[in-house]
Every structure is written in structure tokens, then in C-alpha cells.
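The following paragraphs guide the reader through one structure, beginning at a single loop residue and moving from there to the sheet and the helices.

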Amino acid sequence: MLLSYRTSDLTWRLSILTYLVSVSLTPARRCARLTRHQFRRLSLTVNIKMNKLSVLKRAFSSSTSLNAVKTVTVVGGGLMGSGIAQVAAQAGQNVTIVDLQPELLEKAQKSIQNNLTRVAKKVHKDDAAKVEGFVKESFSRIKVSTNIEDGVNADLIIEAIVEKLDVKQELFNKLDLLAPEHTILASNTSSISINEIGAGIKRKDSIVGNLTHIPLNHVSYFRFGGLHFFNPVPIMRLLEVIKGDHISEETYQTMMAWGKSVGKTCITCKDTPGFVVNRLLGPYSAEALRMYERGDASKEDIDIGMKLGAGYPMGPFELADYTGLDTNKFVLQVMLEKTGDPVFRPIPMLDKMVAEGKLGIKSGEGFYKYKKVYPGLRARTYTIRSGDASARDIDTAMKLGAGYPMGPLELADFTGLDNKKAILAVMLDKTGHTAFRPVAILDRLVGQGKLGRKSGEGIYKYDK
Ligand SMILES: NC(=O)c1ccc[n+]([C@@H]2O[C@H](COP(=O)([O-])OP(=O)(O)OC[C@H]3O[C@@H](n4cnc5c(N)ncnc54)[C@H](O)[C@@H]3O)[C@@H](O)[C@H]2O)c1
């Protein structure tokens, strides 16, 4: 298969965007001193200690106990809400879906029933009785209502409504008043700050015992956080658990345990624009569009380049069509507003296509033409700042959330950090693009001779 492109190395040019800023992570520095084995042992020890601490704290706390989520309410029965309700019901939890519109609840029920049948057929193959039993049992755990008060008595309430700050805030303020004290509140937002959404929430995990070593005036006790699922929820294995600035440790641990209980691999990220997956996909996708706009390479060749050269499951144009060009434009706008990073500046070609109604698969045409029109497909996108998430979580996010064969930091170690540094310098020189500016941790690691796999240590440590 032949590829033609004007600038030197198409694959490098695109894939560098996904790892270059990521290597500037503080936790990555910590990981860099450990072998994989040591890292796992350390994680295990830390987990055991954290669990012991949680058990101790639980005895003195009025909050939901770890793993105690048995009843879940999902507010918003659309694309995401119906998927979240399905995975919780499949895991044996009782679920209430609340939506404003009865017809959307009906649609959600139909879609859940169809999806459950698909799951059951995969598990039980031709055993019709077992298939029927599974669907019936899981489906019987789901109730629906248009009245929010029918859903407030739950251990966990997840919001998956329209992506508007004031609407979400209003809902959470109401839920905070109506829901029992132990209920954990969570948002599935993909682009709004968790701290901003929860600004009016008052519920806290109160420590009522006599534990003199736990600072009672510590602010980090809120029973609210982010649970960011990926679309389609029943299929995508990743769940980003977002730690707002004031989340209590116990609420966070309960969210992680709950995510695991519904079959997801959970990673943790601070309340930072786009969290992990979308933050990393944005610049990658934007740079791909700009390459095409400049005429550096055809969209077909860029897609082939990233699939065959970087092992990605979809090329950037296929991905943009799948998520929707309107959503891509919206995400760019939000990210520019939040980060000020020019990598997210508007892309005229994208704006023009959206104005012409070319939105990707859902409208029948985007970068490619499609025979079938799929309604309601949405997007995600984007770089990472120091300490937003651990190196391991960033790599897991991109593998499970975006289907990448290797995480960006694993890839950086694999390619060699000295090579990355050299590529950055060349790219900055040739393009003047801020995305290629020097990365402090990369410079430091290279300065210390930590070059990745080949030297035995880079972002991670390797057994020789
Ligand atoms: N679509 C995705 O790929 C995706 C991925 C991750 C996160 N998210 C986030 O999930 C949330 C929902 O997205 P979606 O794609 O499911 O949207 P959607 O439009 O499919 O569904 C939203 C639902 O919420 C209902 N709703 C709106 N206001 C409500 C209220 N006050 N009370 C009860 N119901 C209300 C609507 O009737 C609708 O059924 C958004 O915050 C979005 O950013 C979306």
C-alpha cells in the first residue's frame, strides 16, 4: 500500500502529539523509579493499606460503605444514561431511570432490552431459556419515571443529562436536598468542570468518631464526583473516576469499587479539562485535520498511516466522522476556552463542513460518505498537565477508552525519550507549533540518561 505525503514522517508527526505533553507528569516521575513488578507490588501494598484505612474510617463515618451500592438512579435516559442503567442492572443492582420525557424512557427501555438480548446471546449462545431468563431478570431490575422524587432513594445517583452547566447545577442542588444523607452524587459530564457542577452541593462524609489524627476541619469530604463513561457504555471497558478538589476518600473509593462492580476498568483523573482520553485525543485529531487542510497528505493516507503505522483501530478522519464533526467543533471550542492552548484553535475546514450539515456518519456525510444514517452519535476528544493523572492511568485510558495498542507513555519509552526530545525540537523548529514546545520532564529524564526501554528506565522502569 502506497502512501504519499509532503512532510517527512506522517506517523511520527501525528502520534507525537499523543505522547509529548503526557510525559510531563509528576506521578510519571514516581513511576519512573520502579520496575513493573515493584510498581504492582507497591500498588498492592498501597491498596491493602488504603482498604485498611477505609475500614477504620468507615466505622466512624456516616457515609455509604465501600461496595455498598445496591441501588442506582440514572438521571437522563438518553444514549449514555440508558447504557449506564443497563450495566448496573446486568451487575445485579436495582436501577431507576429518570427522564423528563416519557417517550425517551420508552426508547431507553427498548434499547436496553435489545442490548441485554445481545449480551445474553453472546454468553448463553443457543440456550434460549437462559437467554430469556437473563434478559427478564436484568430488565426487571430497571424502573423508569418522569418524577425525580421516585429516584432519590438510591445509594448512588448518576447524572447523564444535557451538557449545560446551569441545568446540571440546578439538578444537583435539588438532588442534594431530596436524597438521603448517605447517597453519593455523580456526574457523567465529558467537558464541564466537576468542581463547578458540584459547587452548590453540601453533603459531606462526616467523621463522627474520636479520631484525633483525622483533621475534622479538612475540606476534602464531599460526597460527589465524576463518573465519566465512554460510548457505547456496555461495550467500552473504561470508566474515568474524576476527583473533584473536595471529594472524600471514601466516596472516591466507593466510586472506584462501584465502577469495578459494573465490569469497568477504572482510572483516576483530577478535575482537569477533558480528563485523560479526551484531552489526549483533541490535539491529535486537530493536527490531523490541519494536515489535510494544508494538503500535506490525503485524508485516506492519514487514516491508513495511523492504522498501519501506529496500530490505531480507526484513522483520525474515520474517528471524527464517527463522533460527529459538530461535536469535534464543540470540543475544540470548549478546550480552547478552558486551556487557552492554540492547538485547539478553530479549523476553518471543520467549521465549513459543520455549516454545510456534513456532520459525519449521523448525517450520512462527513469526511467520507455513508449509506446508512445513524442518529445520536457523539464525541470526545485531546494533552495532559503535570499531575492530572498517573502515567499508568493515562496509558490505560488510551488503550481501553480509545483502542490504542500502546499507551502514549509506553510508546514514548519504547521509541526512546532521546528520540522524542529530538523530534520535538525538529518539529518546533519546522512548524513553530506550541504543541512541540520542550517538555521539562522529558529533558530531565534524558539528562539523567533515562531513555526508556533501551536504557532500562524512562517513564517506567524495565527489567534488563
Ligand atoms: N454521547 C457521548 O458520547 C458521551 C460520552 C461521555 C459523556 N457524555 C455526557 O453524558 C451526558 C448525556 O449525554 P447523552 O449523549 O446521553 O445525551 P442525550 O441527549 O442522548 O440524553 C440526555 C437525556 O437527558 C434528558 N434530560 C435533559 N434534562 C433533564 C433533566 N433535567 N432531568 C431529567 N432528564 C433530563 C433528555 O431528555 C435526554 O433523554 C452529557 O453530559 C454528555 O456530555 C456523553
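Phe-275 lies in the loop between β8 and α10 (277-294). The model in which this residue is seen is a predicted one. The phi angle of Phe-275 is near 55 degrees, a positive value in a residue that is not glycine. Is Phe-275 buried or exposed? Phe-275 counts as buried, because 30 C-beta neighbours are found inside 10 Å, and 20 or more are enough for that class.

A second loop residue invites comparison. Lys-125 is placed in the loop between α5 and α6 (128-140). Lys-125 is likewise a residue other than glycine with positive phi, here near 50 degrees. Lys-125, however, is exposed, because 10 other C-beta atoms lie within 10 Å of its own, and the exposed class holds residues with 12 or fewer. A further backbone feature belongs to the loop between β6 and β7, where Pro-232 is located. The peptide bond that leads from Asn-231 to Pro-232 is cis, and its omega is near -5 degrees.

The strands may now be considered together. Eight of them form an open sheet with mixed pairing, in the order β3-β2-β1-β4-β5-β6-β7-β8. At the edges stand β3 (142-145) and β8 (265-270), each of which pairs on one side only. From one strand to the next, the twist averages 25 degrees. Helix α15 (residues 391-400) packs on this sheet, where it touches β7 (238-243) and β8. The direction of α15 makes about 125 degrees with that of β8.

At the edge formed by β3, the pairing can be followed residue by residue. Strand β2 (residues 94-98) and β3 are parallel and are joined by four bridges. Thr-96 has Lys-143 in β3 as its bridge partner.

Further along the order comes strand β5, which pairs with β4 as well as with β6. With strand β4 (residues 156-159), β5 pairs in the parallel sense over four bridges, and Ile-158 stands opposite Ala-186 of β5. Strand β6 (residues 224-229) also runs parallel to β5, and three bridges join the two. Here Leu-185 has Phe-224 in β6 as its bridge partner.

Between β4 and β5 the chain passes through helix α7 (residues 165-178), and the three elements make a right-handed β-α-β unit. In a regular strand, side chains alternate between the two faces of the sheet. What covers the faces of β5 (residues 184-187) can be read in these terms: Ile-184 and Ala-186 on one side, and Leu-185 and Ser-187 on the other, are all buried.

The helices also pack against one another. A pair of packed helices is described by the angle and the distance between their axes. The axes of helix α4 (residues 79-90) and helix α5 (residues 102-124) come within 10 Å and cross at roughly 45 degrees. That angle is why α4 is oblique to α5. The crossing of α4 and α5 is right-handed. Where the two helices meet, α4 contributes Gly-81, Ser-82, Ala-85, Gln-86 and Gln-90, while α5 contributes Ala-108, Ser-111, Ile-112, Asn-115, Leu-116 and Val-119.

A last residue is found in helix α9 (residues 249-261), which holds Gln-253. Gln-253 counts as buried because 21 C-beta neighbours lie inside 10 Å. Between the C-alpha atoms of Gln-253 and Val-241 the separation is 9.7 Å, and the two residues are 12 residues apart along the chain.

How values were computed
Residues are numbered from 1 along each chain as its sequence is written. This is a predicted model: local features need pLDDT of at least 70, side-chain atom pairs count only at pLDDT 80 or more; totals for chains, interfaces and linings use all residues. Two strands pair if DSSP finds at least two bridges between them. A crossover is right-handed if, with the strands pointing away from the viewer, the path from the first strand over the helix to the second runs clockwise. Axes are lines fitted to C-alpha atoms, for helices over the stretch in contact, and angles run from 0 to 180 degrees between N-to-C directions. Angles under 35 degrees count as roughly parallel, over 145 as roughly antiparallel, 65 to 115 as roughly perpendicular and the rest as oblique. A crossing is left-handed if the near helix is turned anticlockwise from the far one by less than a right angle, and right-handed if clockwise. Two residues are in contact if their C-beta atoms, placed from the backbone, lie within 7 Å.
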